[in-house]
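Q: I would like to learn how to read the folds and helix packings in a model. Can we go through one feature at a time?

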Amino acid sequence: MGNLDMLSLTAYALQVLLIIMAVSIVVHKNNGTIIILITTFSLITASLYVINKAPDVAIAEVAIGSAIIPLIYVISISRQREFIVLDKAMDDFIIADNAFTGVGYVLLKRFTDFYHLELNICNDVRLCSLGAGRDQLLCEQTNVDLIVSKDDERNVYVLKGKASSILTYKLEAMARDYDNIEVVKFKDRDFGD
Amino acid sequence: MIKQFVLIGLLAILFAVFFVSMQDIQELYNTFGKDYIAASGFADTGSRNLVTAILLDYRLFDSLFEAGILLIAVSGVIWISKHEIEEKNAQFMLDKFNTPDLFVTFSRLVYPLMLAFGFYVIINGHVSPGGGFQGGAIVATAILILYYIDADKETNIGLIVTIEKILYIAILLVASLSIVTRGEFFTNFFALDASADTKAIYLVLLNVMIGMKVALGLWTIFTAFLKEGR
(Lines give C-alpha, C1' and ligand atoms only; values in the text may rest on other atoms or scores of the structure.)
Protein backbone atom coordinates (compact mmCIF):
# COMPACT_ATOMS: atom_id res chain seq x y z
CA MET A 1 0.00 0.00 0.00
CA GLY A 2 2.56 2.57 1.12
CA ASN A 3 1.62 6.06 0.02
CA LEU A 4 -1.95 5.18 -1.00
CA ASP A 5 -4.39 6.78 1.40
CA MET A 6 -8.09 6.11 1.79
CA LEU A 7 -9.22 8.95 -0.50
CA SER A 8 -7.20 7.92 -3.54
CA LEU A 9 -8.26 4.30 -3.02
CA THR A 10 -11.88 5.45 -3.12
CA ALA A 11 -11.11 7.45 -6.26
CA TYR A 12 -9.65 4.40 -7.99
CA ALA A 13 -12.62 2.26 -6.98
CA LEU A 14 -15.03 4.91 -8.31
CA GLN A 15 -13.15 5.12 -11.61
CA VAL A 16 -13.40 1.35 -12.07
CA LEU A 17 -17.12 1.60 -11.24
CA LEU A 18 -17.44 4.40 -13.82
CA ILE A 19 -16.06 2.15 -16.56
CA ILE A 20 -18.43 -0.66 -15.52
CA MET A 21 -21.35 1.79 -15.65
CA ALA A 22 -20.33 3.09 -19.09
CA VAL A 23 -20.14 -0.44 -20.49
CA SER A 24 -23.44 -1.49 -18.96
CA ILE A 25 -25.20 1.61 -20.38
CA VAL A 26 -24.17 0.39 -23.84
CA VAL A 27 -24.96 -3.27 -23.18
CA HIS A 28 -28.36 -2.97 -21.50
CA LYS A 29 -31.51 -3.13 -23.59
CA ASN A 30 -34.20 -1.95 -21.18
CA ASN A 31 -34.73 1.81 -21.38
CA GLY A 32 -35.73 2.22 -17.71
CA THR A 33 -32.57 0.47 -16.54
CA ILE A 34 -30.46 2.64 -18.83
CA ILE A 35 -31.91 5.83 -17.31
CA ILE A 36 -31.05 4.63 -13.80
CA LEU A 37 -27.53 3.69 -14.98
CA ILE A 38 -27.02 7.15 -16.52
CA THR A 39 -28.11 8.69 -13.22
CA THR A 40 -25.64 6.48 -11.33
CA PHE A 41 -22.90 7.44 -13.81
CA SER A 42 -23.54 11.14 -13.10
CA LEU A 43 -23.51 10.60 -9.34
CA ILE A 44 -20.18 8.72 -9.49
CA THR A 45 -18.73 11.47 -11.70
CA ALA A 46 -19.93 14.08 -9.19
CA SER A 47 -18.24 12.19 -6.31
CA LEU A 48 -15.02 12.09 -8.33
CA TYR A 49 -15.27 15.86 -8.85
CA VAL A 50 -15.65 16.33 -5.09
CA ILE A 51 -12.65 14.09 -4.42
CA ASN A 52 -10.62 16.14 -6.92
CA LYS A 53 -11.64 19.36 -5.10
CA ALA A 54 -14.08 20.76 -7.68
CA PRO A 55 -17.34 21.17 -5.71
CA ASP A 56 -18.76 23.77 -8.14
CA VAL A 57 -18.62 21.36 -11.06
CA ALA A 58 -19.98 18.59 -8.83
CA ILE A 59 -23.11 20.60 -7.98
CA ALA A 60 -23.72 21.34 -11.66
CA GLU A 61 -23.20 17.66 -12.54
CA VAL A 62 -25.66 16.48 -9.87
CA ALA A 63 -28.30 19.02 -10.86
CA ILE A 64 -28.05 18.48 -14.62
CA GLY A 65 -26.87 14.88 -14.96
CA SER A 66 -28.90 13.17 -12.28
CA ALA A 67 -32.05 15.29 -12.09
CA ILE A 68 -32.94 17.14 -15.29
CA ILE A 69 -31.62 14.72 -17.93
CA PRO A 70 -33.29 11.60 -16.39
CA LEU A 71 -36.56 13.53 -16.04
CA ILE A 72 -36.45 14.51 -19.72
CA TYR A 73 -35.58 10.93 -20.72
CA VAL A 74 -38.42 9.49 -18.62
CA ILE A 75 -40.93 11.82 -20.25
CA SER A 76 -39.67 11.20 -23.78
CA ILE A 77 -39.53 7.42 -23.44
CA SER A 78 -42.96 7.13 -21.81
CA ARG A 79 -44.34 9.08 -24.78
CA GLN A 80 -42.44 7.05 -27.36
CA ARG A 81 -43.88 3.73 -26.25
CA GLU A 82 -47.42 4.78 -27.17
CA PHE A 83 -49.00 4.16 -30.54
CA ILE A 84 -51.70 6.81 -30.78
CA VAL A 85 -54.65 6.14 -33.05
CA LEU A 86 -57.22 8.81 -33.86
CA ASP A 87 -60.59 7.16 -34.36
CA LYS A 88 -62.68 9.26 -36.74
CA ALA A 89 -65.09 6.49 -37.70
CA MET A 90 -66.63 6.11 -34.20
CA ASP A 91 -68.62 2.95 -34.90
CA ASP A 92 -68.26 -0.74 -34.13
CA PHE A 93 -64.88 -0.90 -35.84
CA ILE A 94 -63.19 -0.32 -32.49
CA ILE A 95 -65.84 -0.73 -29.82
CA ALA A 96 -68.37 -3.49 -30.39
CA ASP A 97 -70.89 -4.54 -27.70
CA ASN A 98 -69.52 -1.92 -25.26
CA ALA A 99 -66.10 -3.55 -25.17
CA PHE A 100 -62.91 -3.40 -27.17
CA THR A 101 -63.81 -6.36 -29.38
CA GLY A 102 -64.19 -4.70 -32.80
CA VAL A 103 -62.35 -6.02 -35.86
CA GLY A 104 -60.09 -2.99 -36.02
CA TYR A 105 -59.24 -3.09 -32.33
CA VAL A 106 -58.21 -6.75 -32.53
CA LEU A 107 -55.98 -5.99 -35.53
CA LEU A 108 -54.38 -2.93 -33.93
CA LYS A 109 -53.90 -4.74 -30.62
CA ARG A 110 -52.18 -7.64 -32.38
CA PHE A 111 -50.03 -5.12 -34.22
CA THR A 112 -48.98 -3.11 -31.14
CA ASP A 113 -48.35 -6.24 -29.05
CA PHE A 114 -45.98 -7.39 -31.80
CA TYR A 115 -43.86 -4.27 -31.28
CA HIS A 116 -44.39 -4.03 -27.47
CA LEU A 117 -46.16 -0.69 -27.83
CA GLU A 118 -49.07 0.63 -25.82
CA LEU A 119 -52.16 1.14 -27.91
CA ASN A 120 -53.82 4.47 -27.21
CA ILE A 121 -57.07 5.12 -29.08
CA CYS A 122 -58.54 8.58 -28.87
CA ASN A 123 -61.47 10.33 -30.47
CA ASP A 124 -60.87 13.92 -29.54
CA VAL A 125 -63.78 16.03 -30.83
CA ARG A 126 -61.70 18.96 -31.99
CA LEU A 127 -59.23 16.79 -33.90
CA CYS A 128 -61.97 14.62 -35.43
CA SER A 129 -63.87 17.65 -36.70
CA LEU A 130 -60.98 18.60 -38.99
CA GLY A 131 -61.66 17.70 -42.62
CA ALA A 132 -60.14 14.73 -44.42
CA GLY A 133 -57.94 17.09 -46.42
CA ARG A 134 -56.01 17.99 -43.27
CA ASP A 135 -55.27 14.41 -42.25
CA GLN A 136 -51.71 14.59 -43.48
CA LEU A 137 -51.12 17.87 -41.67
CA LEU A 138 -52.61 16.27 -38.55
CA CYS A 139 -50.18 13.34 -38.76
CA GLU A 140 -47.22 15.64 -39.23
CA GLN A 141 -48.07 18.28 -36.68
CA THR A 142 -49.42 16.22 -33.80
CA ASN A 143 -48.24 12.98 -32.29
CA VAL A 144 -51.08 10.96 -33.81
CA ASP A 145 -49.55 7.89 -35.48
CA LEU A 146 -52.57 6.54 -37.33
CA ILE A 147 -55.93 7.94 -38.40
CA VAL A 148 -58.94 5.64 -38.79
CA SER A 149 -61.76 6.87 -40.99
CA LYS A 150 -64.60 5.24 -42.93
CA ASP A 151 -65.22 5.46 -46.67
CA ASP A 152 -69.04 5.17 -46.80
CA GLU A 153 -69.30 4.71 -50.58
CA ARG A 154 -67.12 1.62 -50.76
CA ASN A 155 -67.82 0.50 -47.17
CA VAL A 156 -64.08 0.36 -46.47
CA TYR A 157 -62.19 1.46 -43.35
CA VAL A 158 -59.18 3.58 -44.28
CA LEU A 159 -56.11 3.61 -42.00
CA LYS A 160 -53.77 6.50 -42.75
CA GLY A 161 -50.20 6.67 -41.51
CA LYS A 162 -46.81 8.11 -42.42
CA ALA A 163 -44.88 6.45 -45.25
CA SER A 164 -41.60 7.13 -43.46
CA SER A 165 -42.56 4.84 -40.58
CA ILE A 166 -41.65 1.16 -40.89
CA LEU A 167 -44.62 0.43 -38.64
CA THR A 168 -47.01 1.51 -41.40
CA TYR A 169 -45.58 -1.08 -43.82
CA LYS A 170 -45.93 -3.83 -41.22
CA LEU A 171 -49.52 -2.77 -40.58
CA GLU A 172 -50.22 -2.88 -44.32
CA ALA A 173 -48.91 -6.45 -44.46
CA MET A 174 -51.05 -7.47 -41.50
CA ALA A 175 -54.19 -5.80 -42.90
CA ARG A 176 -53.91 -7.61 -46.23
CA ASP A 177 -56.05 -10.48 -44.89
CA TYR A 178 -59.00 -8.17 -44.21
CA ASP A 179 -61.21 -7.19 -47.17
CA ASN A 180 -62.71 -4.05 -45.68
CA ILE A 181 -59.48 -2.47 -44.39
CA GLU A 182 -57.21 -0.35 -46.54
CA VAL A 183 -53.92 1.25 -45.50
CA VAL A 184 -52.97 4.61 -47.02
CA LYS A 185 -49.45 6.00 -46.63
CA PHE A 186 -48.66 9.69 -46.66
CA LYS A 187 -45.66 10.77 -48.69
CA ASP A 188 -43.17 12.81 -46.67
CA ARG A 189 -43.09 16.46 -47.49
CA ASP A 190 -40.43 19.01 -46.86
CA PHE A 191 -41.75 21.50 -44.41
CA GLY A 192 -40.41 23.90 -41.89
CA ASP A 193 -37.80 25.71 -43.90
CA MET B 1 -14.31 -4.74 -41.82
CA ILE B 2 -11.64 -2.43 -43.29
CA LYS B 3 -13.50 0.53 -41.79
CA GLN B 4 -13.26 -0.98 -38.32
CA PHE B 5 -9.53 -1.66 -38.69
CA VAL B 6 -8.96 1.91 -39.86
CA LEU B 7 -10.98 3.15 -36.88
CA ILE B 8 -8.99 1.02 -34.42
CA GLY B 9 -5.75 2.18 -36.04
CA LEU B 10 -6.80 5.83 -35.72
CA LEU B 11 -7.67 5.28 -32.07
CA ALA B 12 -4.27 3.66 -31.48
CA ILE B 13 -2.49 6.63 -33.13
CA LEU B 14 -4.56 9.04 -31.05
CA PHE B 15 -3.66 7.17 -27.87
CA ALA B 16 0.04 7.13 -28.83
CA VAL B 17 0.03 10.90 -29.48
CA PHE B 18 -1.76 11.47 -26.20
CA PHE B 19 0.72 9.26 -24.35
CA VAL B 20 3.72 11.06 -25.87
CA SER B 21 2.28 14.47 -25.07
CA MET B 22 1.67 13.36 -21.49
CA GLN B 23 5.38 12.54 -21.07
CA ASP B 24 6.53 16.14 -20.81
CA ILE B 25 3.54 17.46 -18.91
CA GLN B 26 5.79 18.21 -15.96
CA GLU B 27 7.60 20.84 -18.05
CA LEU B 28 4.37 22.35 -19.36
CA TYR B 29 2.73 22.34 -15.94
CA ASN B 30 3.19 25.57 -14.04
CA THR B 31 1.38 27.21 -11.16
CA PHE B 32 1.64 30.90 -12.14
CA GLY B 33 -2.10 31.36 -12.75
CA LYS B 34 -3.08 29.33 -9.70
CA ASP B 35 -0.68 31.22 -7.45
CA TYR B 36 -1.81 34.60 -8.73
CA ILE B 37 -5.51 33.89 -8.24
CA ALA B 38 -4.96 32.29 -4.84
CA ALA B 39 -2.93 35.30 -3.71
CA SER B 40 -4.95 38.22 -5.06
CA GLY B 41 -8.30 36.76 -6.16
CA PHE B 42 -10.16 37.81 -3.04
CA ALA B 43 -8.63 41.29 -3.01
CA ASP B 44 -9.39 41.85 -6.71
CA THR B 45 -12.95 40.56 -6.86
CA GLY B 46 -14.29 40.28 -3.29
CA SER B 47 -15.28 36.65 -3.87
CA ARG B 48 -14.21 33.97 -1.41
CA ASN B 49 -15.15 31.30 -3.96
CA LEU B 50 -12.37 31.71 -6.49
CA VAL B 51 -14.35 29.86 -9.19
CA THR B 52 -16.97 32.60 -9.01
CA ALA B 53 -14.15 35.15 -9.06
CA ILE B 54 -13.04 33.79 -12.42
CA LEU B 55 -16.55 33.27 -13.80
CA LEU B 56 -17.98 36.66 -12.89
CA ASP B 57 -14.92 38.91 -12.93
CA TYR B 58 -11.72 37.73 -14.63
CA ARG B 59 -13.44 35.78 -17.41
CA LEU B 60 -16.93 37.31 -17.47
CA PHE B 61 -16.71 37.53 -21.27
CA ASP B 62 -16.72 33.70 -21.51
CA SER B 63 -19.59 33.34 -19.03
CA LEU B 64 -21.76 35.75 -21.03
CA PHE B 65 -21.35 33.64 -24.15
CA GLU B 66 -22.10 30.51 -22.11
CA ALA B 67 -25.38 32.09 -21.00
CA GLY B 68 -26.02 33.05 -24.62
CA ILE B 69 -25.51 29.46 -25.77
CA LEU B 70 -28.25 28.30 -23.39
CA LEU B 71 -30.58 30.95 -24.81
CA ILE B 72 -29.81 29.75 -28.35
CA ALA B 73 -30.44 26.13 -27.32
CA VAL B 74 -33.82 27.10 -25.82
CA SER B 75 -34.75 28.96 -28.99
CA GLY B 76 -33.81 25.92 -31.06
CA VAL B 77 -35.91 23.56 -28.95
CA ILE B 78 -38.90 25.88 -29.21
CA TRP B 79 -38.44 26.28 -32.96
CA ILE B 80 -38.31 22.51 -33.49
CA SER B 81 -41.38 21.84 -31.33
CA LYS B 82 -43.48 24.57 -32.94
CA HIS B 83 -46.68 23.31 -34.55
CA GLU B 84 -49.30 24.94 -36.71
CA ILE B 85 -52.36 23.16 -35.39
CA GLU B 86 -53.68 24.68 -32.21
CA GLU B 87 -55.21 21.55 -30.68
CA LYS B 88 -51.93 20.02 -29.70
CA ASN B 89 -52.71 19.47 -26.08
CA ALA B 90 -55.87 17.56 -26.81
CA GLN B 91 -57.03 15.47 -23.92
CA PHE B 92 -56.77 11.91 -25.08
CA MET B 93 -59.26 9.31 -23.96
CA LEU B 94 -56.82 6.84 -22.44
CA ASP B 95 -53.86 9.15 -21.99
CA LYS B 96 -53.88 9.77 -18.27
CA PHE B 97 -50.62 10.70 -16.69
CA ASN B 98 -50.48 8.16 -13.87
CA THR B 99 -48.15 9.23 -11.09
CA PRO B 100 -48.01 7.09 -7.93
CA ASP B 101 -49.57 8.74 -4.86
CA LEU B 102 -46.48 8.10 -2.76
CA PHE B 103 -44.35 9.94 -5.29
CA VAL B 104 -46.76 12.90 -5.36
CA THR B 105 -46.77 13.19 -1.55
CA PHE B 106 -43.00 12.93 -1.38
CA SER B 107 -42.63 15.55 -4.13
CA ARG B 108 -44.84 17.96 -2.17
CA LEU B 109 -42.56 17.50 0.86
CA VAL B 110 -39.33 17.93 -1.09
CA TYR B 111 -40.41 20.79 -3.39
CA PRO B 112 -40.01 23.74 -0.93
CA LEU B 113 -36.71 22.37 0.36
CA MET B 114 -35.32 22.11 -3.17
CA LEU B 115 -36.46 25.62 -3.99
CA ALA B 116 -34.87 27.01 -0.81
CA PHE B 117 -31.62 25.12 -1.47
CA GLY B 118 -31.52 26.44 -5.03
CA PHE B 119 -31.89 30.04 -3.87
CA TYR B 120 -29.27 29.41 -1.17
CA VAL B 121 -26.79 28.17 -3.76
CA ILE B 122 -27.49 31.18 -6.00
CA ILE B 123 -27.22 33.85 -3.31
CA ASN B 124 -24.14 32.33 -1.63
CA GLY B 125 -22.39 31.78 -4.95
CA HIS B 126 -19.53 34.11 -4.01
CA VAL B 127 -18.96 32.50 -0.59
CA SER B 128 -19.58 28.76 -0.95
CA PRO B 129 -19.43 26.34 -3.91
CA GLY B 130 -22.18 26.98 -6.42
CA GLY B 131 -23.39 30.02 -8.26
CA GLY B 132 -25.91 31.17 -10.79
CA PHE B 133 -25.80 28.20 -13.14
CA GLN B 134 -25.81 25.47 -10.48
CA GLY B 135 -28.49 27.15 -8.37
CA GLY B 136 -30.58 27.85 -11.46
CA ALA B 137 -30.46 24.17 -12.40
CA ILE B 138 -31.60 23.19 -8.88
CA VAL B 139 -34.47 25.72 -8.99
CA ALA B 140 -35.47 24.38 -12.43
CA THR B 141 -35.52 20.81 -11.04
CA ALA B 142 -37.77 21.99 -8.21
CA ILE B 143 -40.14 23.57 -10.74
CA LEU B 144 -40.13 20.39 -12.84
CA ILE B 145 -41.28 18.37 -9.83
CA LEU B 146 -44.46 20.50 -9.92
CA TYR B 147 -45.37 18.75 -13.17
CA TYR B 148 -45.35 15.41 -11.38
CA ILE B 149 -47.67 16.79 -8.70
CA ASP B 150 -50.07 18.34 -11.20
CA ALA B 151 -49.84 16.86 -14.70
CA ASP B 152 -52.35 19.25 -16.29
CA LYS B 153 -50.40 22.35 -15.32
CA GLU B 154 -50.53 24.94 -18.09
CA THR B 155 -47.44 27.01 -18.82
CA ASN B 156 -47.12 30.00 -21.11
CA ILE B 157 -43.83 29.27 -22.87
CA GLY B 158 -43.85 32.53 -24.81
CA LEU B 159 -43.95 34.62 -21.65
CA ILE B 160 -41.13 32.64 -20.01
CA VAL B 161 -38.88 33.00 -23.05
CA THR B 162 -39.60 36.73 -23.25
CA ILE B 163 -38.59 37.17 -19.60
CA GLU B 164 -35.46 35.12 -20.27
CA LYS B 165 -34.47 37.30 -23.22
CA ILE B 166 -35.01 40.50 -21.21
CA LEU B 167 -32.92 39.03 -18.38
CA TYR B 168 -30.11 38.20 -20.80
CA ILE B 169 -30.07 41.76 -22.11
CA ALA B 170 -30.06 43.02 -18.51
CA ILE B 171 -27.10 40.75 -17.70
CA LEU B 172 -25.23 42.16 -20.69
CA LEU B 173 -26.00 45.71 -19.54
CA VAL B 174 -24.86 45.07 -15.95
CA ALA B 175 -21.73 43.37 -17.26
CA SER B 176 -20.81 46.28 -19.54
CA LEU B 177 -21.59 48.92 -16.91
CA SER B 178 -17.91 48.82 -15.95
CA ILE B 179 -16.98 50.73 -19.12
CA VAL B 180 -18.43 53.83 -17.41
CA THR B 181 -16.87 53.37 -13.99
CA ARG B 182 -13.63 51.50 -14.67
CA GLY B 183 -13.05 52.15 -18.35
CA GLU B 184 -12.99 48.48 -19.41
CA PHE B 185 -15.64 45.99 -20.48
CA PHE B 186 -17.00 42.98 -18.57
CA THR B 187 -15.74 43.30 -15.01
CA ASN B 188 -16.98 44.53 -11.65
CA PHE B 189 -18.42 48.04 -11.91
CA PHE B 190 -17.26 49.02 -8.43
CA ALA B 191 -13.78 50.52 -8.11
CA LEU B 192 -10.87 48.13 -7.72
CA ASP B 193 -10.04 49.39 -4.23
CA ALA B 194 -13.62 49.12 -2.92
CA SER B 195 -14.23 46.86 0.07
CA ALA B 196 -15.09 43.19 -0.41
CA ASP B 197 -18.64 43.72 0.88
CA THR B 198 -19.29 46.40 -1.74
CA LYS B 199 -17.98 44.21 -4.52
CA ALA B 200 -20.19 41.36 -3.27
CA ILE B 201 -23.27 43.42 -4.22
CA TYR B 202 -22.29 43.11 -7.88
CA LEU B 203 -21.52 39.39 -7.56
CA VAL B 204 -24.87 38.61 -5.87
CA LEU B 205 -26.76 40.72 -8.43
CA LEU B 206 -25.18 38.94 -11.39
CA ASN B 207 -25.52 35.51 -9.75
CA VAL B 208 -29.24 36.05 -9.11
CA MET B 209 -29.82 37.22 -12.68
CA ILE B 210 -27.90 34.31 -14.22
CA GLY B 211 -29.65 31.88 -11.88
CA MET B 212 -33.10 33.12 -12.89
CA LYS B 213 -32.15 33.01 -16.55
CA VAL B 214 -30.86 29.43 -16.34
CA ALA B 215 -33.90 28.27 -14.37
CA LEU B 216 -36.30 29.79 -16.90
CA GLY B 217 -34.32 28.31 -19.80
CA LEU B 218 -34.32 24.76 -18.42
CA TRP B 219 -38.00 25.13 -17.49
CA THR B 220 -38.78 26.05 -21.09
CA ILE B 221 -36.86 23.09 -22.50
CA PHE B 222 -38.64 20.69 -20.17
CA THR B 223 -42.07 22.14 -20.96
CA ALA B 224 -41.40 21.84 -24.67
CA PHE B 225 -40.50 18.16 -24.22
CA LEU B 226 -43.57 17.57 -22.08
CA LYS B 227 -45.91 19.19 -24.59
CA GLU B 228 -44.38 17.34 -27.52
CA GLY B 229 -45.73 14.04 -26.28
CA ARG B 230 -49.25 15.03 -25.32
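Q: Into which domains is chain A divided?
A: This is a predicted model. Chain A has domain 1, covering residues 6-79, and domain 2, covering residues 82-186. Taken over C-alpha atoms, the centres of these two domains of chain A are separated by 41 Å.

Q: What is the order of the five strands in the open sheet of chain A?
A: Strands of a sheet pair through backbone hydrogen bonds, and a pair can be parallel or antiparallel. In chain A the order across the sheet is β2-β1-β3-β4-β5, and the pairing is mixed.

Q: Which strands of chain A stand at the edges?
A: They are β2 (118-122) and β5 (181-186) of chain A. Each has a single partner strand, so one side of each has no neighbour in the sheet. From one strand to the next, the twist averages 25°.

Q: How many bridges join β3 to β4 in chain A, and do these strands run parallel or antiparallel?
A: Strand β3 (residues 146-151) and strand β4 (residues 156-162) of chain A run antiparallel and are joined by six bridges. To find one of the pairs in the model, start at Ser149(A): its bridge partner in β4(A) is Val158(A).

Q: Which strands of chain A does helix α4 lie across?
A: Helix α4 of chain A, residues 103-114, lies across β1 (82-87), β2, β3 and β4 of chain A. Relative to β2(A), helix α4 of chain A runs at about 145°.

Q: Now to chain B. At what angle do helices α3 and α4 of chain B pack?
A: Helix α3 (residues 32-45) and helix α4 (residues 50-58) of chain B pack at about 60°, and their axes are 10 Å apart. An angle from 35 up to 65 degrees counts as oblique, so α3(B) and α4(B) are oblique to each other. Their crossing is left-handed.

Q: Which residues make that contact between α3(B) and α4(B)?
A: On α3(B) they are Ile37(B), Gly41(B), Asp44(B) and Thr45(B); on α4(B) they are Leu50(B), Ala53(B) and Asp57(B). By class, the contact of α3(B) with α4(B) has three nonpolar, two polar and two charged residues.

Q: How do the axes of α6 and α7 of chain B cross?
A: The axes of helix α6 (residues 101-123) and helix α7 (residues 132-149) of chain B cross at roughly 160° and come within 8 Å. Angles over 145 degrees count as roughly antiparallel, and α6(B) and α7(B) are therefore roughly antiparallel to each other. The crossing of α6(B) and α7(B) is left-handed. Their contact has 17 nonpolar, seven polar and one charged residues.

Q: What about α5 and α8 of chain B: at what angle do their axes cross?
A: The axes of helix α5 (residues 60-80) and helix α8 (residues 157-175) of chain B cross at roughly 165° and come within 11 Å. These two helices of chain B are therefore roughly antiparallel, and their crossing is left-handed. The contact includes Leu64(B) and Leu71(B) of α5(B), and Val161(B) and Tyr168(B) of α8(B). The residues of the contact of α5(B) with α8(B) divide into 12 nonpolar, one polar and one charged.

Notes
Residues are numbered from 1 along each chain as its sequence is written. Chains are lettered from A and ligands numbered from 1 in the order in which they are written. This is a predicted model: local features need pLDDT of at least 70, side-chain atom pairs count only at pLDDT 80 or more; totals for chains, interfaces and linings use all residues. Two strands pair if DSSP finds at least two bridges between them. Helices (H or I, at least four residues) and strands (E, at least two) are DSSP runs, numbered from the N terminus. Axes are lines fitted to C-alpha atoms, for helices over the stretch in contact, and angles run from 0 to 180 degrees between N-to-C directions. Two residues are in contact if their C-beta atoms, placed from the backbone, lie within 7 Å. Domain bounds come from an automatic or database domain assignment. Angles under 35 degrees count as roughly parallel, over 145 as roughly antiparallel, 65 to 115 as roughly perpendicular and the rest as oblique. A crossing is left-handed if the near helix is turned anticlockwise from the far one by less than a right angle, and right-handed if clockwise. Ala, Val, Leu, Ile, Met, Phe, Trp, Tyr, Cys and Pro count as nonpolar, Asp, Glu, Lys and Arg as charged, and the others, Gly among them, as polar.
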